[in-house]
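Hi,

Here is the structure I promised to send over. Have a look at it first, and then read on for what turned up when I went through it.

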Amino acid sequence: MPATIEVDRLSKVYRGGVPALAEASFTIEKGEFVTLIGRSGSGKSTLLNILGCLDTPTSGSLVLDGVPVNFRDPSQLVSIRRQKIGFVFQQFNLLPHLTAQENVEYPMLFNYHEPKIRAHTAGELLTSLGLGDRKHHHPAELSGGEQQRVAIARALVSNPPIIFADEPTGNLDQKTSADIFSLMQEISRVRKTTFFMVTHEREFGEYADRSFRLIDGKVTGT
Amino acid sequence: MKKLADFARLSARQVLKKRMRVFLTAFGIAIGIAAVVGMVSFGEGIRHQAIETIKEQSDLTLIEVTGSVRDETVIPITESKVSLIREIPHVEAAGPVYRVSFSTLHQTYIDVLGISAEDLRVLFTPVFSAGDLYPAGSNQVVIGHELAEKLQKYEGIRQGDLFTAIIRDYAPNGAPSDRKLAIRSGGTLREREDQLDSLLIMDRDTIHALSNESVPYNAVYVRVDNPENVLTVAGGIQSLGLTANGAFRQIETVNRFMDLVILFLSIFAAISLVVGALMIVNTMVMSVYERTREIGVSMALGASQRDVVTLILIECLYIGMIGGVLGDLLGILFSYVINTAGKAYLISQTGELFSAFARYDLALVTPEILLSGFLVAVILSLVSGIYPALQAARLNPVEAIRHT
C-alpha cells in the first residue's frame, strides 16, 4: 500500500518556548483508519492542524498523498486543503444559513464546479449517508448525529484522499457516536479514504486499523 | 467569473440574513448620497437657468474675431486670415469689418461699422423699420435703432436725410485735421437689443477708401452653424493666433463659476458620506468578528485569502448598491422639495430678482447626477470594505475555528 501521510520529525514549539509536539514521525497508508488518542493538552489538535495544513511546524517535514508540503507557500497550502483534505469538526461547524445540501456543496464553491454537478454530487452523498429526506433542512432543524453526517458528507464532497476528524463524536451521545464511527469506518473501507481521527475516547479505538497515542507531545504507536 | 456569480449568491444570503443592519448601514450612505445629489442638482439648476438666460439674450452662434498680440508681435487680421477662418469646419459665414468713429457737426459721437451689405445680411439678418441696405461703394448708411433716435433728437436727422459726418485724422506730429463726408441715411434698423442698435453701418469699401493707406481689418464676424460647435470654431480661430469673443464666453464663465460652486456644495455634503463610510467599516468589522469561526471553517474547507476578501467585498458592494439606489431616490425627493416649496419661498422672498426661476426648475436632477451618486456609493462602500476584508483574510484559521 502506498503511503498517504508521511510525517518525519515534526515538531512544534509555541512562542515562549512551550513545546507542543516533539519530533513526531509516522507513516499512514492509503485507506487506513487511524485514531490518535491523548489527553487534553497533549498536542493532539496541534498535530492535526499541522497535518491539515492549517498550522505550521517549527521543524520537520510532511508529505500528503505524495505531495511534499511547503508550509511557506500559502497558495500550495490552499490547493492541498482543496484537493487532498477533508475536515470533520467536533462542533460540526455547519453554516447555519445554508441548507444541508448547500453546506455539503460549500467546499466545491472554492474549487469551482458547475452548480448542477455540485448539486448532484452533494445530493447523492447525503442520500448515501441516509439524509436524502433532510437535504433542504437547515442545521438547526437537524439532530446532532444528522449534523455530523452532513459534516462528513461535506468532507467527502471533493473526494479527498485524506479526512482529518477532530473529536467528531465529542458532542454526540454514546449510540450516535458508535453510529458515526461505523459510518466513517465503512467509508474508509469502501472509498479507500484515509481517516486520521483525534479522540480521547479509547473505547472507539477498536474501530481503527491503528491507534497512536500522544503523551506530552510525543507520539507512540500501537 | 462563474465562481464570482456563486460568491455573489452566497454574499446575498449573508446580506438578507442581516437585512435590518444592512438597511440601516446603507441608509447612512444614502443620506450622504442624497445630500450630494440634492446639492449638485441645485447647482445644476442654477447653471441651467443662467445659461438659458444668456441664450435667450445673446446671439450664441456669432463670434467676434479680433487681432492679438503674441510675444510682443501684433497679429493683424489680413485677407488670408479671413480665408483661413472661412475654411474652419462649421463656419457658415465670415465677414471682415472696419471700425471707425465719426462725429456730427454738433459733436455727436458716432461709432461706425464698415461691413459689406452682403455680409451684414448673412451675418446679422437685419430687419428695417424704414429704408433698406446700402449699395456697394456708396455713401449711404444704415443706422441702428438707438442711434437713429439719438440723431433725430439731438441733430434733427431723419430717415433719408443727407448729413455731414466729420472724420478726424492725426498727422505724424499729433496735430488733428478734420475731413467732411456727406452721407445719407438709407435705412433704419428695428430694435435688436444688440450692438447694432448703437452703430452707424456703412459699406466696408467706402470706409477703406477713406483711409490713406492699406490697413488691416479691425474684426471679423463669424457665423457658426450650431451653438454646440461654437467652442470648436473658437478653438480653430485661436489656433490662427487670433482672439475669439462672443456670448459663448459668458457661458464659459458661468460654467467655471458654477463648477466651483457645485464643488464646494458637494464637499460640504460629502462630509455626511464620510460618516456613512465609517458606518460601513463598523458594520463589516462587527460582521467579520461575528463570523470569525465561519471564516476559519471556510479556510479549512479550501477558501483562499482572496476568496475571503472577495466574499466580504461583495457584501460591501450590495450595501453600496442599496445605499446608492436609496440615496438617488432621496436625492430626487430632496430636489422635488426644492423645486416646489423651496422655489415658491425664494420667489416670494426675492420678488423680481429670481422671477426667471418661475420658468425653470431650481434643482435639476439629471441621469448623469443619479449615475454618479450611485457609483460614488458603490465605490465608497468597496473602499470602506477593504480594511474589514483584509482583517478577515488575515485570520489564523486555527484560532478562528476555536472562536466562540
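Let me start with the charged residues: A:Glu105, A:Arg118, B:Asp6 and B:Arg9 are linked in a network of salt bridges. Before going further, please keep in mind that this is a predicted model, so treat what follows as a reading of that model.

Within that network, A:Arg118 and A:Glu105 pair directly, with their closest N and O atoms 3.4 Å apart. A:Arg118 sits in helix 4 of chain A and A:Glu105 in helix 3 of chain A, so the salt bridge ties together parts that are 13 residues apart in sequence. Are these two buried or exposed? A:Arg118 has a relative accessibility of 5%, so it counts as buried. A:Glu105 comes out at 13%, which also makes it buried.

Now for the contact between the chains. Chain A puts 24 residues into it and chain B puts in 25. About 2,300 Å² is buried between chain A and chain B, and carbon and sulfur atoms give 60% of that. On the chain A side, the residues that lose the most area to chain B are A:Leu54, A:His97 and A:Phe110, which together make up 27% of what that side buries.

There is charge pairing here too. How many salt bridges are there between chain A and chain B? The count is 3. In one salt bridge, the side chain of A:Glu102 meets that of B:Arg13, at 2.6 Å from N to O. Polar contacts across the interface of chain A and chain B come to 11 residue pairs, counting pairs with both residues at pLDDT 80 or more.

Which helices of chain A are involved? Helix 2 (74-83), helix 3 (100-110) and helix 4 (115-128) each supply at least two residues of the side that touches chain B. Helix 3 of chain A gives the largest share of that side, with 5 residues. By type, the residues on the chain A side split into 12 nonpolar, 5 polar and 7 charged.

Back to salt bridges, this time in the structure as a whole. The search finds 28 of them over all chains. Here are two more that you may want to find on screen.

- A:Lys44 with A:Glu167: the closest N and O atoms are 4.0 Å apart. This pair links distant parts of the chain, with A:Lys44 in helix 1 (residues 44-51) of chain A and A:Glu167 in the loop between strand 7 (162-166) and helix 6 (174-191) of chain A, 123 residues apart. Both A:Lys44 and A:Glu167 are buried.
- B:Asp259 with B:Arg47: here the closest N and O atoms are 2.8 Å apart. B:Asp259 is in helix 8 (residues 247-290) of chain B and B:Arg47 in helix 2 (residues 19-57) of chain B, so to speak two distant parts of the chain, 212 residues apart. B:Asp259 is partly exposed, at 43% relative accessible area, whereas B:Arg47 is buried, at 11%.

Next, a strand in chain B. Strand 11 (residues 219-224) of chain B is mostly covered, with 6 of its 6 residues buried. In a regular strand the side chains alternate between the two faces of the sheet. For strand 11 of chain B, both faces are covered: B:Ala219, B:Tyr221 and B:Arg223 are buried on one side, and B:Val220, B:Val222 and B:Val224 on the other.

Which strands pair with strand 11 of chain B? Strand 1 (residues 62-66) of chain B runs antiparallel to strand 11, joined by 4 bridges. Strand 4 (residues 91-104) of chain B also pairs with strand 11 in the antiparallel sense, over 6 bridges. B:Arg223 in strand 11 has B:Leu62 standing opposite, and B:Ala93 stands opposite B:Arg223 as well.

In the loop between strand 11 and helix 7 (230-239) of chain B you will find B:Asn229. B:Asn229 is buried, with a relative accessible area of 17%. Apart from neighbours within four places in sequence, B:Asn229 is in contact with B:His90 and B:Val224.

Last stop: helix 9 (residues 292-300) of chain B. Since 8 of its 9 residues are buried, helix 9 is largely enclosed by the rest of the structure. Among the buried ones are B:Thr292, B:Glu294 and B:Met299. Just after helix 9 of chain B, B:Gly302 takes a positive phi of about 120°.

Cheers

Key. Residues numbered from 1 in each chain as written. Chains lettered and ligands numbered in written order. Predicted model: local features only at pLDDT ≥ 70, side-chain atom pairs only at ≥ 80, totals over all residues. Heavy atoms only, no water. Buried < 20%, exposed > 50% of the residue type's maximum accessible area, 1.4 Å probe, protein only. Pairing = 2+ DSSP bridges. Contact = heavy atoms within 4.5 Å. Buried area = accessible area lost by both parts, 1.4 Å probe. Polar contact = N/O pair within 3.5 Å; in protein donor to acceptor, adjacent residues only side chain to side chain. Nonpolar A, V, L, I, M, F, W, Y, C, P; charged D, E, K, R; others polar.
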